[in-house]
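Let's take a walk through this structure together, one piece at a time. Keep the sequence and the picture side by side as you read.

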Amino acid sequence: MIRVSHLHKSFRVHRRDAGWLEAVRHLWRRDYRVIEAVKDVSFTIEKGEIVGFLGPNGAGKTTTMKMLAGLLHPTSGEITVGGFVPFEQKPEFKKMMSLVMGQKSQLIWDIPPLETFLVNKAIYDIDDRLFRQTLEELTELLDLAPLLDKPTRSLSLGQRMRCELAAALLHRPHVLFLDEPTIGLDVHTQENVRRFIVDYNREHETTILLTSHYMGDVAALCDRVMIINYGRLIYDGDLSVLTEKLAPYKRLEVRFSRLPNVDWSEYGEVAEMEEGTVVLRVAREAAAETAARLLERFDVRDINIEDPPLEEVIARAFWEERV
Ligand SMILES: Nc1ncnc2c1ncn2[C@@H]1O[C@H](COP(=O)(O)OP(=O)(O)OP(=O)(O)O)[C@@H](O)[C@H]1O
């Protein structure tokens, strides 16, 4: 569905040092600096996949998404989305995809969401029956009924985000680019939005590329992740493989009736210790056996074996640069 080959994007920006003298000098002499935001990125995404696109601030995620959505022209390289070249902005292309940016609203501020939806109906030339049917479905799924006729500016962030998603989906796009769709939302609304994305993807086989700083989004939604750092793709594959590769240990959280006074290094590396609980880092293959040993020797109230937190795995990927 999405094919990207040797994609590059550079921006030419004015170079100017601070100070008024520099500002005056700048009137005559203009220096430029080139920022290579995306460097030689290639990937393919098949129909119906949900792929997480991760990277630290300024890594090149939004720039890539904007190129995929046809808002930016690549410096070089090729992109096709559903067979279309995005930057040509053919009407058929616009009808088959949608871009949702958590930081930017596509709803018209002073009118109720329903009226923005009607504007979109006209823009995308959606026929009456399909519009009614889709709106009904989205209203139900996103619980929009009480919001549709309130002015957008009076909605909370979470309510607005649900309406943003509806606005983006009214024309039933096959490809969805979601840039930070849960940013700033409370935990409950984040979960609702995640559940909606999963259900929607399952039902309509929508292809989804998603960026998020919330690892909860990524863990809940994506089996596959792509990691970009300084404009380069440094990982593209299964999230579980990444975890195993970069964090080849498990976290054993053990709660005791009374914390025993022992040399923990015999069991693993202590990550945390407080009151009656100790968290140990233990090699993956030794986790089950270590848990059994602890259960046998001590008065254990509860024991939990978990993968390391995703934040830690992703942070390691950034440090290691090349995965
Ligand atoms: N229009 C522009 N002009 C100049 N430089 C730009 C422009 N847009 C992006 N950049 C630069 O390109 C690089 C990549 O930016 P981009 O917004 O794609 O990163 P990002 O991974 O989405 O970061 P974030 O997580 O902070 O949103 C950054 O160095 C940014 O400053």
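Start with helix H2, where Lys61, Thr62, Thr63, Thr64, Met65, Met67 and Leu68 are buried. That makes 7 of the 8 residues of H2, so this helix is largely enclosed by the rest of the structure. Bear in mind as you look around that this is a predicted model. Just past the end of H2 you'll come to Gly70, whose phi is positive, at about 85°.

H2 is also a good way into the ligand site. Which element gives the most residues to the shell around the ligand? It's H2, with 3 of them. The full set around the ligand reads Phe11, Val13, Ile35, Ala37, Gly55, Asn57, Gly58, Ala59, Gly60, Lys61, Thr62 and Thr63. Strand S1 (2–15), strand S2 (31–45) and helix H2 (61–68) are the elements that each supply two or more residues to this shell. Sort the shell by class and you get 5 nonpolar, 6 polar and 1 charged residues.

Now follow S1 and S2 away from the ligand. They belong to an open sheet of 3 strands, ordered S2-S1-S4 and paired antiparallel. The edges are taken by S2 and strand S4 (76–81); each has a single partner strand, so one side of each has no neighbour in the sheet. On average, and ignoring direction, neighbouring strands here are turned by 30° against each other. If you'd like to trace one of the pairings, try S1 and S4, which are antiparallel and share 5 bridges. Ser5 is a handy spot to look, since its bridge partner in S4 is Glu78. While you're tracing strands, remember a general point: side chains in a regular strand alternate between the two faces of the sheet.

Further along the chain there's a hairpin to look at. Strand S8 (residues 224–229) and strand S9 (residues 232–238) run antiparallel, joined by 6 bridges. Find Ile227 and you can step across to Tyr235, its bridge partner in S9. The hairpin has 2 residues between the strands, and Tyr230 has a positive phi near 45°.

Next, a couple of loops. Gln103 sits in the one between strand S5 (97–101) and helix H4 (113–123). Is Gln103 buried or exposed? It counts as exposed, because it has 9 C-beta neighbours inside 10 Å, and the cut-off for exposed is 12 or fewer. Leaving aside residues up to four places away in sequence, Gln103 touches Glu180 and Ile183. Compare its position with Val254: the two are 151 residues apart in sequence, and their C-alpha atoms are 41 Å apart in space.

The other loop joins strand S11 (269–274) and strand S12 (277–283), and Glu275 lies in it. Glu275 is exposed too, because there are 9 other C-beta atoms within 10 Å. From Glu275 to Ser265 is 10 residues in sequence and 18 Å in space, C-alpha to C-alpha.

Finally, step back and take in the whole chain. How is the chain divided into domains? Domain 1 covers 2–243 and domain 2 covers 248–306. Their C-alpha centres lie 42 Å apart.

Technical notes:
Residues numbered from 1 in each chain as written. Predicted model: local features only at pLDDT ≥ 70, side-chain atom pairs only at ≥ 80, totals over all residues. Domains from an automatic or database assignment. Near = placed C-beta within 6 Å. Helix = DSSP H or I, 4+ residues; strand = E, 2+ residues; numbered from the N terminus. Nonpolar A, V, L, I, M, F, W, Y, C, P; charged D, E, K, R; others polar. Pairing = 2+ DSSP bridges. Axes fitted to C-alpha atoms, helices over the stretch in contact; angles between N-to-C directions. Buried ≥ 20, exposed ≤ 12 C-beta atoms within 10 Å, placed from the backbone. Contact = placed C-beta atoms within 7 Å.
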